[in-house]
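User: I would like to go through this model with you, a few side chains at a time. Please keep the answers brief.

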Amino acid sequence: VVMMTFGAEHQFHARLDLPPAGATDAEVSQVAALLVEPAVRHDVTGVLLVFYSDHAEQARRSARCLVDAFGAAGITVLDAIRADGQRHWPATGPGEGTAYDVSAHPVRAQAVLDGHVTRRSRAELAATLNPDDRGRADVARALLHRSALPADEVSALLLGCLATGSAPGADEVAGLVRAVADPVVRDVAWLGMTRHDADRHVALWSDVVRRTPDEWLPGAAAVLGFAAWLAGSGALAWCAVDRCLAVDPDHVLGGYVAQLLERAVPPQAWAEAGAGAGRPA
């Protein structure tokens with residue numbers, strides 16, 4: 001389900017997996033709460049809900065729950081529709097549906113031109129961070145003898161890679177992931193990010209995450225999560241946070257990014273807050 005919001009000072013959008021067909025009423029309500037709570041927090045006045053599903057009854061059940069939950073919160077559901085990639089219907093009712101085709105839509109064409117790839121599912125997106133086995137083995141060997149990079153070398157390495165679009169070598173990744181295990185040095189990696197360069201940080205840290213052994217993953221994954229949030233890619237940010245917290249559930253930066261996502265904090269708030277003013281303790 002995709003939610004688009006209207007009427008708030010900061011508009012935001014959210015995307016969640018629908019509950020499975022056998023979900024309990026309580027589980028369906030939990031999904032509804034994940035969307036309603038940030039909408040209430042940001043004083044949203046209206047939402048548009050799009051349910052992407054081949055299963056009409058499953059989508060209708062979720063739609064009814066969400067419509068009721070938003071109504072109880074005083075938020076108008078402007079429309080709720082279900083789409084399966086070929087036809088769309090009212091999400092809470094039956095009908096033959098209306099055919100559609102977005103393959104040549106100007107928005108999709110512009111996205112392709114800009115190099116943006118739309119993933120069909122959360123699982124497909126998460127798979128973009130799957131380990132690069134060969135790269136991981138190279139970094140694992142480098143970690144046997146490589147010490148952590150000092151803060152000034154972390155900064156220099158990141159600036160160089162971002163400027164040229166090049167990927168760091170195995171020795172550099174080993175030194176980098178050891179460095180960002182230290183919260184003080186990790187600050188160098190994320191506090192200086194801006195919305196202007198966030199996409200380049202996402203590309204760089206995605207590569208680092210794919211090549212980093214699990215035991216050294218939390219720091220790099222948390223930095224990637226922050227970069228993805230700042231770039232406006234909340235779904236990728238969640239994938240990175242999940243990877244971080246799966247290894248270290250108490251990771252400070254990973255938890256901080258999770259809070260930004262749960263509260264639907266807009267990326268522009270980073271610049272408005274003076275960048276590093278919001279750093280976690």
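User: To begin, is phenylalanine 226 buried or exposed?
Analyst: This is a predicted model. In it, phenylalanine 226 is buried, because its relative accessible area of 0% is under the 20% cut-off.

User: Which aromatic pair does phenylalanine 226 form with tryptophan 190?
Analyst: The structure holds five aromatic pairs. The one between tryptophan 190 and phenylalanine 226 is edge-to-face, at 4.9 Å centre to centre with 70° between the planes. This pair links distant parts of the chain, with tryptophan 190 in helix α8 and phenylalanine 226 in helix α10, 36 residues apart. Tryptophan 190 counts as buried, at 1% relative accessibility.

User: Which residues do the ring pairs link into a cluster?
Analyst: The cluster consists of Trp190, Phe226, Trp229, Tyr256 and Trp270.

User: Now the cysteines. How many disulfides are there?
Analyst: The count is zero.

User: Why does cysteine 239 have no bond to cysteine 244?
Analyst: The closest cysteine sulfur to that of cysteine 239 is in cysteine 244, and it is 13 Å away, which is too far for a bond because a disulfide needs the sulfur atoms within 2.5 Å. Cysteine 239 counts as buried, at 4% relative accessibility.

User: And where is serine 53 found?
Analyst: Serine 53 is in the loop between β3 and α2, and at 9% relative accessibility it counts as buried. A polar atom of the serine 53 side chain lies 2.9 Å from the backbone nitrogen of histidine 55. Serine 53 also touches residues further away in sequence, including Leu18, Arg82 and Asp84.

User: What does arginine 82 lie over?
Analyst: Arginine 82 lies over the face of tryptophan 89, at 3.9 Å from the ring centre.

Technical notes: Residues are numbered from 1 along each chain as its sequence is written. This is a predicted model: local features need pLDDT of at least 70, side-chain atom pairs count only at pLDDT 80 or more; totals for chains, interfaces and linings use all residues. Side-chain values use heavy atoms; hydrogens and water are left out. Buried means under 20% relative accessible area, exposed over 50%, partly exposed in between (1.4 Å probe, protein chains only). Helices (H or I, at least four residues) and strands (E, at least two) are DSSP runs, numbered from the N terminus. A polar contact is a pair of N or O atoms within 3.5 Å; within protein, one must be able to donate a hydrogen and the other to accept it, and residues adjacent in sequence count only if both atoms are side-chain atoms. Contact means heavy atoms within 4.5 Å. Rings of Phe, Tyr and Trp (its six-membered ring) pair if their centres lie within 6.5 Å; planes under 30 degrees apart count as stacked, over 60 as edge-to-face and the rest as tilted. A charge sits over a ring if NZ of Lys or CZ of Arg is within 6 Å of the ring centre and within 35 degrees of the ring normal. Lists of a residue's contacts leave out its neighbours within four places in sequence.
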